[in-house]
Amino acid sequence: MIFSFQDPTTFAIAPGTHEFSDAATESRFSRNELTATQARLRVTLLFCSFFYVLFGVTDISELGFGHDALVVFLARAAVAATAGVCCLISYRPCCGVALTRLLACAAEIAGVAGFAVVLFHRPGETPWHAMSMGMMVIVIYLYIPNRLVYAIAIALAATVGFIGIVCAEGWLRLNDILTMTMLLLLANTFGLVAARRYHQIRREEYRARETLKQITLRDPLTGCRNRRYLQQELLDTESSRAQRYRQHLSVVMCDLDHFKAINDSHGHGAGDLVLTEFARLLMNMTREHVDSVIRYGGEEFLIVLPETDLHGAALLAERLRAGFQATPIEYAPGRTLRATASFGVAACDYARADQPLSLTQLVVDADQLLYESKKHGRNQVRSKRSVDEVPAGSVA
């Protein structure tokens, strides 16, 4: 029996936006990709700004040294300055996903506005400008990292605006305008198709990485986290976080009573059902995305409870003990069994402890308390605070 720990809708991609339909998944994806996205944004803006300014040579060649050339140069410089400011802001620690997207939009809009200034001052080269507009559209769709819906809006607005200006000013004949319009629509179409595919591929790669990560960090039978997750994700972080913010941290060690006897009497299939039912109870009664339920050994489980004091952890353990004891487990049609579990609870208040315990030491303490529960009759809860606080107590 395999526990399904991944909802298929979690990584579903919306056909319109080509983002994850689940907002939480899209948010995690965006945060995960933020560093790479900011790096791509900086490279693209610097590269485009360089050539944007470099093409000022053609302004001088066409307009000479005069007022018009100065205006166009200032427009190009303003675009380059905007890109530079966006790059600098992207380095700041406060620059998150939303601000990065705002910087991308600002750079794109500045580039289009600067191009409009060039267009008005060099109307005789409109066919060349049309080709440049097609290239700008491709850059907006593919090279400046942004939400697809934002890229579509800016690229289409720039295209429509360009065509509208050319038509209003009468710089081209009707057949030339039609040809230019078709070529710009073609550039938008190719850019949109490629951008949609690119956005989808990036999210499919993320989905594959996350799925592989889930497989390697979860127990396939129960769906709980495994020892690898404890080692890689929790041991070095939870106690440090609790100490930094001066919070409580508790752990609960659980072990099924007489599990070997269940396997011997009812078969290993029944034993698997007992394990999965116990794991389901643990995960249902703990906080999703806050607490961690870990399959620590064969029939042994560990619960890590951030921001939870000893009293709260012991009460949770008692509720788990009573709930599991009262749960009949049907292992065959018309045949049920009941099982019990023992618990050890350890906690530390990092706001009060003189020598705060590491999560590793809390696990050791909880395991020792679990041993005491087993030794004194099973189906009970034993708990204590860290040695720097109130002396050990018990809940039975």
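At what angle do the axes of α2 and α5 cross? In this predicted model, the crossing angle is roughly 15 degrees. The two axes come within 11 Å. Angles under 35 degrees count as roughly parallel. α2 and α5 are therefore roughly parallel to each other. Their crossing is left-handed.

Now look at the contact itself. From α2 come L34, T37, Q38, L41, L45 and Y52. They meet V97, T100, L103, A104, A107, G111, G114 and F115 in α5. Nine residues of this contact are nonpolar and five are polar. None is charged.

Both helices also take part in an open space. α2 (34–54) and α5 (97–121) each supply at least two residues to the lining of the second largest pocket. So do α4 (67–90) and α6 (126–143). The pocket holds about 860 Å³ of space. Its lining numbers 32 residues, and the closest to its centre are C48, Y52, F55, S132 and M136. Y52 thus appears in two places: it belongs to the contact of α2 with α5, and it is among the residues closest to the centre of this pocket. α6 gives the most to the lining, with nine residues. By type, the lining has 21 nonpolar, seven polar and four charged residues.

Next, the enclosed spaces. The whole structure has three cavities of 30 Å³ or more. The largest has a volume of about 180 Å³. It is lined by 17 residues, and S30, T37, R101, N146 and R202 are the closest to its centre. α1 (23–32), α2, α5 and α8 (174–217) each give two or more residues to this lining. T37 is another residue with two roles: it lies in the contact of α2 with α5 and is among those closest to the centre of the largest cavity. Here the lining divides into eight charged, five polar and four nonpolar residues.

The second largest cavity has a volume of about 60 Å³. Which residues lie nearest its centre? They are Y141, I144, P145, N146 and H199, out of 13 that line it. N146 was also listed among the residues closest to the centre of the largest cavity. α6 and α8 each supply at least two lining residues to the second largest cavity. The largest share, four residues, comes from α6. Eight of the lining residues are nonpolar, two are polar and three are charged.

α6 links two of these spaces. It gives the most residues to the lining of the second largest pocket, and the largest share to that of the second largest cavity.

Definitions and conventions
Residues are numbered from 1 along each chain as its sequence is written. This is a predicted model: local features need pLDDT of at least 70, side-chain atom pairs count only at pLDDT 80 or more; totals for chains, interfaces and linings use all residues. Side-chain values use heavy atoms; hydrogens and water are left out. On a 1 Å grid over the protein atoms alone, a cavity is a set of points where a 1.4 Å probe fits but cannot get out, and a pocket is an open set with protein on both sides within 12 Å along at least five of seven lines; lining residues have an atom within 4 Å of a point. Grid points are joined across faces, edges and corners, and a volume is the space filled by probe spheres set on the points. Ala, Val, Leu, Ile, Met, Phe, Trp, Tyr, Cys and Pro count as nonpolar, Asp, Glu, Lys and Arg as charged, and the others, Gly among them, as polar. Axes are lines fitted to C-alpha atoms, for helices over the stretch in contact, and angles run from 0 to 180 degrees between N-to-C directions. Angles under 35 degrees count as roughly parallel, over 145 as roughly antiparallel, 65 to 115 as roughly perpendicular and the rest as oblique. A crossing is left-handed if the near helix is turned anticlockwise from the far one by less than a right angle, and right-handed if clockwise. Contact means heavy atoms within 4.5 Å.
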